[in-house]
Amino acid sequence: MTGTPATRLWDLPTRITHWSLVVLILTAWLSGGQQMQIHTLAGYGVIGLLVFRLYWGFVGGETARFSQFVKGPGATVGYLKTMGRRTAADLVGHSPVGAVSVVALLLVMIVQAALGLFATDIDGINSGPLSYMVDFDTGRLASEWHELSFRALQGLVVLHLAAIAFYALWKRQNLVTAMITGKRRFIGPAPNLKFAPAWRFVLGVVIAAGAAWLIARGLKLPKL
Ligand code: HEM
Ligand code: HEM
């Protein structure tokens, strides 16, 4: 696409979070039910990333903020009606329809990780760190739902990739490069986006790592 010079669209923390989630979800998938040490480590990593992404949705760069991309049903249906057009959309950030998929992906990943924390396996060796809070049957139910929600997550990821392929093939618009480099050319005037200062990223990393560490310890603080 020609147009403006390449202009920053996604900030670095949003991109790092996205690609780290991809790697860790794949790791959790391949190790689930088999290499449980790797599985739980990947799971804690996912939890840290999700905590960070939620925080960044309130204080991060403009295109990462929920208030910027979560729209009501009117805007979503309105955008849906124009989606079949073969022209590339000059969107700044997620489209209203893309936002639905982003929120669904985040919610299902949260549910997936939360169920894993309470999951109890048959012999109790590889149970989640919060499984001590529930009885055996509830822990087994969490295990079953952990498997079920994983099917939902797989479905959403397939839809996500299909949407990206649709933009590439039907609209001739490459969304992936911008998620890697952070930059994109715009057809119209380049947007003047606001990005967050580095200290907010550092604070977010501390909060996310602290939360993941505490959850991995079964929410038990060390005794001083
Ligand atoms: C959010 C990322 C996660 C994904 C994608 C994921 C996915 C999976 C998958 C595919 C399985 C295998 C299910 C089967 O046997 O067919 C599994 C099992 C399991 N996962 Fe996760 N998981 C995630 C996070 C977690 C977390 C954070 C924990 C807890 C620390 C956890 C604990 C478990 C346990 C205990 C099992 C074995 C359950 C059993 O043997 O019944 N998972 N997970
Ligand atoms: C486990 C697999 C994946 C998950 C869970 C996932 C999840 C997400 C989430 C939550 C977002 C929103 C980004 C944000 O605002 O933080 C997103 C956006 C995006 N993802 Fe993925 N993703 C996955 C795989 C992929 C893959 C393999 C690709 C590349 C082929 C990809 C390309 C993109 C692109 C281009 C966007 C931005 C879409 C836009 O322009 O609105 N994702 N993804």
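**Two ligands and a nonpolar core**

By class, the shell around ligand 2 is made up of 12 nonpolar, six polar and one charged residues. I begin there, and I should say at once that what we are looking at is a predicted model.

Staying with ligand 2 for a moment, there are 19 residues around it, and those that come nearest are Ile 25, His 94, Val 102, Leu 175 and Met 179. If you follow these shell residues back to the helices, you will find that H1, H5, H6 and helix H7, which covers 176-181, each supply at least two of them. Which helix gives the largest share of the shell around ligand 2? That is H1, with six residues.

Now let us turn to ligand 1, which is surrounded by 25 residues, the closest being Gly 32, Gly 33, Gly 43, Gly 116 and Asp 121. Here the division by class is 11 nonpolar, 12 polar and two charged residues. At least two residues of this shell come from each of four helices, namely H1 (12-31), H2 (36-59), H5 (96-118) and H6 (136-169).

With both ligands placed, we can step back and look at the protein as a whole. The protein has eight helices and two strands, and, reading from the N terminus on, the order of these elements is β-α-α-α-α-α-α-α-β-α. The C-alpha trace spans about 60 × 40 × 30 Å along its principal axes, and of the 224 residues in the protein, 23% are buried. As for how the chain meets itself, if we take the contacts with a separation of 6 or more, 71% of them are between residues 24 or more positions apart.

The last part of the picture is the largest nonpolar core, which holds 23 residues, and in which Leu 24, Val 46, Ile 47, Leu 50, Val 51, Ala 113 and Ala 212 touch the most other members. Two or more residues of this core are given by each of H1, H2, H5 and helix H8, which runs over 198-216. Which of these elements gives the most to the core? It is H2, which contributes nine residues.

To see one such residue in detail, please find Val 51 in the structure, and ask which residues it touches once we leave out those up to four places away in sequence. The partners of Val 51 are then Ile 207, Ala 208, Ala 211 and Ala 212, and Ala 212 is itself among the core residues that touch the most other members.

Notes. Residues numbered from 1 in each chain as written. Chains lettered and ligands numbered in written order. Predicted model: local features only at pLDDT ≥ 70, side-chain atom pairs only at ≥ 80, totals over all residues. Near = placed C-beta within 6 Å. Nonpolar A, V, L, I, M, F, W, Y, C, P; charged D, E, K, R; others polar. Core = buried A, V, L, I, M, F, W, Y, C linked by C-beta atoms within 7 Å. Buried ≥ 20, exposed ≤ 12 C-beta atoms within 10 Å, placed from the backbone. Contact = placed C-beta atoms within 7 Å.
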